[in-house]
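Read the following with the sequence and the structure side by side. The text begins at one helix and works outward from there.

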Amino acid sequence: MFSWLPWIGKSKRVQYHDTQVLELDFLVDEFHAAMADIQDPIRVRIHAALLSCQSPKDLWFLRSKLFGLISKHHCESVANTRIGRLDQKLRFFVDNHPDYSADELPSKPMMFVH
């Protein structure tokens with residue numbers, strides 16, 4: 001009758017090791033989505049740089065260029081929203097991927113200096 005009682009309080013940790021969210025392309029796609037509505041030569045350069053990225057750390061250092069591009073064509077609020085979404089995915093990626101460590105990224109979001 002109370003066979004479900006042992007399940008109370010136990011949470012099953014979801015394993016993401018074989019899913020798309022732990023592929024580097026998942027992060028690259030977020031970069032592309034963040035700048036999809038922008039037509040600018042800098043976008044082409046960011047795209048070229050994305051092709052050579054091999055780790056989340058490489059992507060982390062492209063964030064400031066992406067932020068500048070979005071701010072130029074929209075506003076800082078839109079840029080913060082899009083970069084925030086990217087940051088969440090980067091953090092999730094390094095926290096859950098077996099081949100990368102959370103130590104590869106700075107511990108706090110990058111501050112933008114004007």
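This is a predicted model, and a helix called H5 is a useful place to enter it. The buried residues of H5 are covered by parts of the chain that include helix H1 (24-34), helix H3 (56-60) and helix H4 (63-73). Those buried residues are Ala-79, Arg-82, Ile-83, Leu-86, Asp-87, Leu-90, Phe-93, Val-94 and Asn-96. An α-helix has 3.6 residues a turn, so residues three or four places apart point the same way. H5 itself covers residues 76-96, 21 residues in total. From first C-alpha to last it reaches 30 Å, close to the 30 Å expected at 1.5 Å a residue.

Now step back to the whole chain. Its secondary structure consists of five helices and zero strands, so the order of elements from the N terminus reads α-α-α-α-α. The chain has 114 residues, of which 31% count as buried. Its exposed surface is about 7,700 Å², and carbon and sulfur atoms supply 56% of that. Consider also the contacts between residues at least 6 apart in sequence: 65% of them join residues at least 24 apart.

What holds the most contacts inside the largest nonpolar core? In this core of 25 residues, those with the most contacts are Leu-27, Phe-31, Leu-50, Leu-59 and Leu-66. H1, H2, H3, H4 and H5 each supply at least two residues of the core.

Two of these residues can be followed in turn. Leu-27 lies in helix H1. Leu-27 counts as buried because its relative accessibility is 0%, and buried means under 20%. Apart from neighbours within four places in sequence, Leu-27 is in contact with Leu-59, Leu-86, Lys-89, Leu-90 and Phe-93. Leu-86, Leu-90 and Phe-93 also appear among the buried residues of H5. Leu-50 is 23 residues from Leu-27 in sequence, and the two are 9.9 Å apart in space, C-alpha to C-alpha. With near neighbours in sequence again set aside, the contacts of Leu-50 are Val-28, Phe-31, His-32, Met-35, Leu-59 and Leu-62. Leu-59 is thus in contact with Leu-27 and with Leu-50.

A charged side chain comes next. Is Asp-40 buried or exposed? Asp-40 is buried, with a relative accessible area of 10%, and it is found in the loop between H1 and helix H2 (41-51). Its side chain reaches the backbone nitrogen of Ile-42 at 2.8 Å. A polar contact of 3.1 Å also joins the side chains of Asp-40 and Lys-72. Beyond residues up to four places away in sequence, Asp-40 touches Leu-69, Lys-72 and His-73.

Gly-68 offers another view of helix H4, where it is placed. At 35% relative accessibility, Gly-68 counts as partly exposed. Its C-alpha atom is separated by 9.7 Å from that of Ile-42, although the two are 26 residues apart along the chain.

Finally, how far can the model be trusted in each part? The mean pLDDT of the chain is 80, and 72% of its residues reach 70 or more. Among the elements, H3 has the lowest mean pLDDT, 88, and H4 the highest, 95. Over residues 9-18 the pLDDT stays under 50, and the model has eight contacts beyond four places in sequence for them. Residues 109-114 are also below 50, with ten contacts beyond near neighbours in sequence. Where pLDDT is low, the predicted coordinates should not be read in detail.

Key:
Residues are numbered from 1 along each chain as its sequence is written. Side-chain values use heavy atoms; hydrogens and water are left out. Helices (H or I, at least four residues) and strands (E, at least two) are DSSP runs, numbered from the N terminus. The expected span of a helix is 1.5 Å times one less than its number of residues. Buried means under 20% relative accessible area, exposed over 50%, partly exposed in between (1.4 Å probe, protein chains only). Contact means heavy atoms within 4.5 Å. pLDDT is the predictor's confidence in each residue, from 0 to 100. A polar contact is a pair of N or O atoms within 3.5 Å; within protein, one must be able to donate a hydrogen and the other to accept it, and residues adjacent in sequence count only if both atoms are side-chain atoms. Accessible areas come from the Shrake-Rupley method with a 1.4 Å probe; for residues, only the protein chains shown count as cover. A nonpolar core is a set of buried Ala, Val, Leu, Ile, Met, Phe, Trp, Tyr and Cys residues joined through side-chain atoms within 4.5 Å.
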